[in-house]
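Trainee: Please give me a close look at one stretch of the surface in this model. After that, I'd like to hear about the loop that holds the cysteine links, and then the chain as a whole.

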Amino acid sequence: MIVIMVPVLSNTKVGTYILALRNYFDVVKVGPPALIGFGVALIVIGLLGHYGASSGSTRCLASYMFLCVGLIVLEIIVATYVLMKLPKNSGAILKDIQNKFKELIQSYYTDPEIKLAIDFVQSEFECCGSIDRFDWGGIGSTPDSCTCRGCLVSYGFGCSEYIFDLVSGKLAMVPTIAYAVLGFQVAGLVVAYFLLIILGAG
């Protein structure tokens with residue numbers, strides 16, 4: 001799980017975007033810390049299993065199996081909850097991002113934190129508004145972050161698609177790595193089980 005999130009957070013655009021708007025998008029506020037937390041838990045449990053196997057401690061091996069089963073159950077519960085909460089297709093996810101970004105735009109001139117976050121996203125991605133620059137109509141003047149230096153015309157594309165493409169592209173590897181991690185966990189349980197039988201017989 002740490003392997004999943006480090007490249008996401010280390011990418012300048014995605015990482016800084018997540019930090020800038022983490023308070024306003026639940027998926028980027030909860031997701032990265034949760035995945036890193038699972039990664040740390042896997043490392044600690046794995047070290048416990050390694051110590052039990054190398055030292056022949058049946059107590060450590062039994063604890064490893066108990067914790068590993070608990071973590072697998074927790075992973076299944078969290079994955080089920082996330083799948084139930086997330087929109088069912090990419091179009092719905094994009095629409096959700098667009099609507100949330102439009103909500104944030106409404107507070108641009110009243111909330112300094114939101115202003116800084118939106119200015120960063122628009123200048124970094126070279127975009128304007130949620131869908132296009134017309135999202136700023138009726139709210140106030142178009143921000144300077146919507147226009148490149150020396151340009152007279154605002155950026156022609158909205159920010160939501162850039163955000164969606166970057167985040168979904170980085171997280172596309174999550175299912176593959178998650179299945180691989182689950183496979184290692186199950187393999188570790190099987191090995192620990194047979195080690196317990198062998199040590200018990202000895």
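**A surface patch, a cross-linked loop and the whole chain**

Mentor: Valine 190 sits in helix α8, which covers residues 174-201. Keep in mind as we go that this is a predicted model. Valine 190 has a relative accessible area of 41%, so it counts as partly exposed, the class between 20% and 50%. Valine 190 also has company on the surface: Tyr179, Leu182, Val186, Tyr193, Phe194 and Ile197 belong with it to a nonpolar patch. Taken together, the residues of that patch have about 690 Å² of accessible area.

Now let's move to the loop between α6 and α7, where serine 130 lies. Here the picture turns inward: serine 130 has a relative accessibility of 1%, so it counts as buried, the limit being under 20%. The side chain of serine 130 makes a polar contact of 2.9 Å with the side chain of serine 160. If you set aside the neighbours within four places in sequence, the residues in contact with serine 130 include Gln98, Phe101, Lys102 and Ile105. Asp135, Gly158, Cys159 and Ser160 are also among its contacts.

Cys159 leads us nicely to the disulfides, of which the structure holds two. One of them is formed by cysteine 127 and cysteine 159, whose sulfur atoms are 2.0 Å apart. The link between cysteine 127 and cysteine 159 is right-handed, with 100 degrees about the S-S bond. Both cysteine 127 and cysteine 159 lie in the loop between α6 (112-125) and α7 (160-171), so the disulfide ties together parts that are 32 residues apart in sequence. Cysteine 127 is buried, at a relative accessible area of 0%, and cysteine 159 is buried too, again at 0%.

The other disulfide joins cysteine 128 to cysteine 146, with an S to S distance of 2.1 Å. The torsion about the S-S bond of cysteine 128 and cysteine 146 is about 90 degrees, so this disulfide is right-handed. The pair links distant parts of the chain, 18 residues apart, and cysteine 128 and cysteine 146 both belong to the loop between α6 and α7. As for cover, cysteine 128 counts as buried at 0% relative accessibility, and cysteine 146 is buried with a relative accessible area of 0%.

Two further cysteines are worth a glance. Cysteine 60 counts as buried at 15% relative accessibility, the cut-off being under 20%. Cysteine 68 is buried as well, with a relative accessible area of 3%.

Finally, let's step back to the whole chain. The protein chain has eight helices and zero strands, so in the order of the sequence the pattern reads α-α-α-α-α-α-α-α. Of its 202 residues, 32% count as buried. The protein chain exposes about 11900 Å², and carbon and sulfur atoms supply 67% of that area. Among the contacts in the protein chain with a separation of 6 or more, 69% come from residues 24 or more positions apart.

Notes: Residues numbered from 1 in each chain as written. Predicted model: local features only at pLDDT ≥ 70, side-chain atom pairs only at ≥ 80, totals over all residues. Heavy atoms only, no water. Disulfide = S-S within 2.5 Å. Helix = DSSP H or I, 4+ residues; strand = E, 2+ residues; numbered from the N terminus. Buried < 20%, exposed > 50% of the residue type's maximum accessible area, 1.4 Å probe, protein only. Polar contact = N/O pair within 3.5 Å; in protein donor to acceptor, adjacent residues only side chain to side chain. Contact = heavy atoms within 4.5 Å. Patch = residues over 30% accessible without salt bridge, like charges linked within 9 Å, V, L, I, M, F, W, Y side chains within 5 Å. Areas by Shrake-Rupley, 256 points an atom, 1.4 Å probe, with all protein chains shown as cover. Salt bridge = Lys/Arg side-chain N within 4 Å of Asp/Glu carboxyl O.
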